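Me: I have a chain open here and would like to talk it through with you before I set anything up. Could you start with how the surface figures are to be understood?

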Amino acid sequence: MSLTATDLKEIRTIIHDEVRTIVHDEISSELAPIERRLTSIESKLSNLEGKVEALENDAKTICFMLANLKKHSILVSKDFRKLTLDAKLMRINADLLTAAKQADITLPRS
């Protein structure tokens, strides 16, 4: 008994389909752990992105605050800068007491 061209074509189709199924199943079983790891990594990256964004916002706020401090430090008179540390502290204390009195606040004394 000899096989016809149609028989050979059907055999090739069956073999091709079976090989494709076996390869697909094998690749799927190999990729499953990798897919789970990728999902875990994606989740961790998402969390890190949120933390990085928060850090960026904090850095911007700190830079803004430093810029304001520099801007306001220009307002300190040259005379104040020339004072000794003791004299600066006495002046700051006096200004603080004056501001507290204006705000009707009693500051604690040690």
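Reply: Accessible areas here come from the Shrake-Rupley method with a 1.4 Å probe. On that basis the accessible surface of the protein chain, in what is a predicted model, comes to about 10500 Å², and 63% of this surface belongs to carbon and sulfur atoms.

Me: And what share of the residues counts as buried?
Reply: Of the 110 residues in the protein chain, 2% count as buried, where buried means under 20% relative accessible area.

Me: What is the radius of gyration, then?
Reply: The protein chain has a radius of gyration of 39 Å, whereas a compact globule of 110 residues would have one near 13 Å. Taken along the principal axes, the box that the C-alpha atoms fill is roughly 120 × 30 × 25 Å. As one example of a separation within the chain, the C-alpha atoms of S2 and D86 are 114 Å apart, with their positions 84 residues apart along the sequence.

Me: Which elements does the chain have?
Reply: The protein chain has three helices and zero strands, and from the N terminus on the order reads α-α-α.

Me: Where is D86, and is it buried or exposed?
Reply: D86 lies in helix α3, which covers residues 85–102. D86 counts as exposed because its relative accessible area is 58%, and the cut-off for exposed is over 50%.

Me: How does the span of α3 agree with what 1.5 Å a residue should give?
Reply: For the 18 residues of α3 the expected span is 26 Å, and its end C-alpha atoms are 26 Å apart, so the two values agree.

Me: What comes just after α3?
Reply: In the segment after α3 we find D104, whose phi is near 60°, a positive value in a residue other than glycine. Most residues other than glycine have a negative phi. D104 is also exposed, because its relative accessibility is 70%.

Me: Switching to charges, how many are there of each sign?
Reply: The protein chain carries 17 positive and 17 negative side chains, and the centres of these two sets lie 20 Å apart.

Me: Last topic: where is confidence lowest and where is it highest?
Reply: Confidence is lowest in helix α2, residues 78–82, with a mean of 82, and highest in α3, at 90. Over the protein chain pLDDT averages 87, and 95% of the residues score at least 70. Where pLDDT is low, the predicted coordinates should not be read in detail.

Conventions. Residues numbered from 1 in each chain as written. Predicted model: local features only at pLDDT ≥ 70, side-chain atom pairs only at ≥ 80, totals over all residues. Heavy atoms only, no water. Helix = DSSP H or I, 4+ residues; strand = E, 2+ residues; numbered from the N terminus. Rg over C-alpha atoms; globule rule 2.2 N^0.38 Å. Buried < 20%, exposed > 50% of the residue type's maximum accessible area, 1.4 Å probe, protein only. Lys, Arg positive; Asp, Glu negative; His and termini not counted. Charge placed at Lys NZ, Arg CZ, Asp CG, Glu CD. Expected span 1.5 Å × (residues − 1). pLDDT = per-residue confidence, 0-100.
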